[in-house]
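Subject: Structure handover

Hello,

Here is the structure for you to take over. Please open it first, then read the notes below.

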Amino acid sequence: MVTILILATTNRNKVKEFQEMLKGFPIQIRSLTDFGSLPEAVEDGETFDENAYKKALHTAKILGFPAIADDSGLIVEALNGTPGVYSARYAGERATDKENVDKLLHDMQGEKNRKAAFQCVLSIAVPSGPALTYEGSCEGILLEKPRGTSGFGYDPIFYHEGLGKTFAEASMEEKNTVSHRGKALAEFKAEFPQVLKWLNQRLQEVKPPKPDHSEFEHNDWSH
Ligand code: IMP
């Protein structure tokens with residue numbers, strides 16, 4: 001049996017990454033872009049876990065298939081864990097990556113403790129509600145000036161000691177081996193046969209009961 005899994009994103013790079021990763025498994029990956037415009041999930045949770053689950057469940061419910069979503073952000077120790085779930089809109093609702101980086105550098109001016117960590121949560125939800133969760137995190141040091149041009153978000157100021165460079169100076173392959181998202185995805189992939197079993201069990205549970213033909217003999221249940 002081929003299971004359909006909806007990736008709750010319109011980001012084509014993420015879709016490609018998932019398709020590549022789950023090659024060979026009896027699964028069909030679809031993304032929100034395959035279904036036209038749909039109401040968006042409200043990301044008003046206070047944790048990455050809550051937001052990832054909200055996005056996954058919202059998508060699973062409206063489309064009627066299991067869905068996977070991720071939520072991630074940057075935790076800065078000296079700023080009591082901010083920007084956290086507000087990472088994408090740290091400098092305002094529609095802030096650009098550069099505006100967010102500039103605000104963070106400004107808020108960290110003169111600060112000696114420059115420890116930070118990226119966190120990522122993946123949530124796989126079925127339409128009836130249950131979900132599985134995978135997490136990954138990655139520690140680094142915030143520089144005082146941006147370095148490098150690849151990647152996105154806070155990559156130019158996030159220095160990874162193991163790589164000896166910022167995420168914006170690293171190739172995508174290098175970043176994926178140590179990053180929060182790479183780790184969460186690797187864990188998910190390693191457990192994928194069990195995930196598939198879990199999904200199929202949850203989907204069986206909600207199938208409608210078999211009709212009693214003695215009572216419903218005039219109904220056609222074959223569709
Ligand atoms: P999302 O909700 O997972 O798309 O990410 C929220 C925000 O966290 C992004 O807009 C970035 O500002 C930041 N972020 C998450 N992951 C990364 C990363 O790998 N590099 C840089 N910034 C990131």
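Start with the sheet. The 7 strands form an open sheet with mixed pairing, in the order E2-E1-E3-E4-E5-E6-E7. Its edge strands are E2 and E7 (165–166), and each of these pairs on one side only. Bear in mind that this is a predicted model.

**Overall layout**

The protein chain holds 6 helices and 7 strands. Read from the N terminus, its elements run β-α-β-α-β-α-β-β-β-β-α-α-α. The C-alpha trace spans about 80 × 35 × 30 Å along its principal axes. The chain has 223 residues, and 40% of them count as buried.

**Walking across the sheet**

Strands of a sheet pair through backbone hydrogen bonds, either parallel or antiparallel. Both kinds turn up below.

Begin with E1 (residues 3–7) and E2. These two run parallel, joined by 5 bridges. One position to look at is Ile 4, whose bridge partner in E2 is Gln 28.

Next come E3 and E4. They run antiparallel, with 10 bridges between them. Here Asp 70 stands opposite Leu 122 in E4.

E4 also pairs with E5 (residues 131–142). That pairing is antiparallel too, over 11 bridges. Gln 119 stands opposite Ser 137 in E5. The two strands make a hairpin with 5 residues between them. In this hairpin, Gly 129 takes a positive phi near 125 degrees.

Why is E4 described as largely enclosed by the rest of the structure? The strand covers residues 115–125, and 9 of its 11 residues are buried, so the rest of the structure largely encloses it.

In a regular strand the side chains alternate between the two faces of the sheet. Keep that in mind as you step along the strands.

**The ligand site**

How many residues surround the ligand? There are 14, and the closest are Ser 72, Asp 155, Lys 175, His 180 and Arg 181.

Three side chains deserve a look:

- Ser 72: an N or O atom of its side chain is 2.5 Å from an oxygen atom of the ligand.
- Lys 175: a polar side-chain atom lies 2.8 Å from an oxygen atom of the ligand.
- Arg 181: a polar side-chain atom lies 2.9 Å from a nitrogen atom of the ligand.

On its own, the ligand has 480 Å² of accessible area, and the protein covers 87% of that.

Where does the shell come from? Strand E3 (67–76) and helix H5 (180–190) each supply at least two of its residues. E3 gives the largest share, with 3 residues. By type, the shell divides into 4 nonpolar, 5 polar and 5 charged residues.

**Aromatic pairs**

The whole structure contains 6 aromatic pairs. Take Tyr 134 and Phe 188 as one of them. Their ring centres are 5.6 Å apart and their planes meet at 65 degrees, so the pair is edge-to-face. Tyr 134 sits in strand E5 and Phe 188 in helix H5, so the pair ties together parts that are 54 residues apart in sequence. Both Tyr 134 and Phe 188 are buried.

Phe 158 and Phe 167 also form an aromatic pair. This one is tilted, at 4.9 Å centre to centre with 45 degrees between the planes. Phe 158 and Phe 167 are both buried.

There is a cluster as well. Ring pairs link Phe 25, Tyr 134, Phe 188 and Phe 192.

**A loop residue**

Go back towards the start of the chain for Pro 39. It is found in the loop between strand E2 (27–31) and helix H2 (48–63). Is Pro 39 buried or exposed? Its relative accessibility is 52%, so Pro 39 counts as exposed. The C-alpha atoms of Pro 39 and Ile 62 are separated by 8.8 Å. Along the chain, these two residues are 23 residues apart.

**Where to look again**

Two elements come up under more than one heading. E3 pairs with E4 in the sheet, and E3 also supplies residues to the shell around the ligand. H5 supplies at least two residues of that shell, and Phe 188 of the edge-to-face pair lies in H5.

Over to you.

Best wishes

How values were computed. Residues numbered from 1 in each chain as written. Predicted model: local features only at pLDDT ≥ 70, side-chain atom pairs only at ≥ 80, totals over all residues. Heavy atoms only, no water. Near = heavy atom within 4 Å. Polar contact = N/O pair within 3.5 Å; in protein donor to acceptor, adjacent residues only side chain to side chain. Areas by Shrake-Rupley, 256 points an atom, 1.4 Å probe, with all protein chains shown as cover. Helix = DSSP H or I, 4+ residues; strand = E, 2+ residues; numbered from the N terminus. Nonpolar A, V, L, I, M, F, W, Y, C, P; charged D, E, K, R; others polar. Buried < 20%, exposed > 50% of the residue type's maximum accessible area, 1.4 Å probe, protein only. Pairing = 2+ DSSP bridges. Phe/Tyr/Trp six-rings, centres within 6.5 Å; stacked < 30°, edge-to-face > 60°.
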